[in-house]
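This report describes selected elements of a model. Please consult the sequence and structure shown below while reading.

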Amino acid sequence: MSEIKEYQIAIVGAGPAGLTAAIYTARAGFATIVIGNPYESQVAKLGLIENYSGFAKGVEGLELMEAMENQTKANGAEVIYDNVIEIAKKDKDFIIKTDDDETLKAKAVILAMGARHRKMRIPGEEEYYMKGISYCSVCDGALYQGKPTVIIGYGNGAAKSAIYMANLSSKVYLICTKKELGADAIYESRLEGKENLEIHYSSRVTKISGEEFVTSVTYKEGGKESEIKTESVFIEYGTVPNTLLANQLGIEVDVRGFIVTKIENLKTNIPGVYAAGDVCGRIKQIATAVGDGCIAATHAQNYVEEL
């Protein structure tokens, strides 16, 4: 068994919420560890971010995460690229075990695990994942330059993916699962200028076909079934929270699976455990995640001091 390393505050998740929390706790003099990989966060895969304060021309997701991680370390917090597999409360401490066989002890825990891409459960989705199917156009879009692309989903995610791929693909088919795309006006207006974009509203993909790799997408629109020949499919169907660890601790979640906290201090129903960012299921924005990180950090500090 590895040596147990002791900290005052452990933060699970290295996205904007987790790293911001660490900046605050470390600056306040609390021994802080962050467990997670900033470059696997949702933000790192967003491409250009245009609505985060302080960047008039926008900032790349990877660039923002690198800056946050550097600031976290500069303020004295430790960051380890690992996954937490178990958390248990023992007396007044939390015992944390990781994939790399590390065992950590902390007085307070901030859960900032974020959310993951929601699966659509379409026939072929699992079979052809990473064989033409991706959930990140910024990550994988360049692989299909000059070829037709299908994007499935709705909202800002689908709109941004369509805009990005329209600059790379010969043709982009956006299969919108709702009556309206539901994206911000700025993205809707940019879509209007893409001549190689074709949007199908209130449509449902019935299967993704292929051989070794994806070859086509079949969808229904107004009762009519059609097929699109393509080698690339990007799915933008929202996210679901990463709450396995919360379930281990007996933390209360809502009907959607998101962690329930008190708004004013982000406390969970387990003393010493706080939650921040997308795992809480509120407005899923970088700005709100950063705000959550600050709030959770401040109250986690108070909790440790009171011990």
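Against which elements do the buried residues of α2 pack? In this predicted model, they pack against α1 (16-27), β2 (32-35), β3 (48-49), β4 (59-60), β5 (78-80) and α7 (286-306).

**Helix α2**

Helix α2 comprises residues 61-74, 14 residues in total, and spans 20 Å from its first C-alpha to its last, close to the 20 Å expected at 1.5 Å a residue. Its buried residues are G61, L64, M65, M68, E69 and T72. Viewed down the axis of α2, these buried residues fall within an arc of 130°, so they line one face of the helix. In general, an α-helix has 3.6 residues a turn, so residues three or four places apart point the same way. Just after α2, G76 adopts a positive phi of about 105°.

**The five-stranded sheet**

An open sheet of 5 strands follows the order β10-β17-β11-β12-β13, and its pairing is parallel. At its edges stand β10 and β13, each with a single partner strand, so one side of each is left without a neighbour in the sheet. The strands are located as follows.

| Strand | Residues |
|---|---|
| β10 | 133-134 |
| β17 | 232-236 |
| β11 | 148-153 |
| β12 | 171-176 |
| β13 | 197-200 |

Strands β11 and β12 pair in the parallel sense over 6 bridges; within this pairing, I151 has L174 of β12 as its bridge partner.

Helix α4, formed by residues 155-166, lies across β11, β12, β13 and β17. The helix α4 runs at about 170° to β11.

Conventions
Residues are numbered from 1 along each chain as its sequence is written. This is a predicted model: local features need pLDDT of at least 70, side-chain atom pairs count only at pLDDT 80 or more; totals for chains, interfaces and linings use all residues. Side-chain values use heavy atoms; hydrogens and water are left out. Helices (H or I, at least four residues) and strands (E, at least two) are DSSP runs, numbered from the N terminus. The expected span of a helix is 1.5 Å times one less than its number of residues. Buried means under 20% relative accessible area, exposed over 50%, partly exposed in between (1.4 Å probe, protein chains only). The arc is that of the directions from the helix axis to the C-beta atoms. Contact means heavy atoms within 4.5 Å. Two strands pair if DSSP finds at least two bridges between them. Axes are lines fitted to C-alpha atoms, for helices over the stretch in contact, and angles run from 0 to 180 degrees between N-to-C directions.
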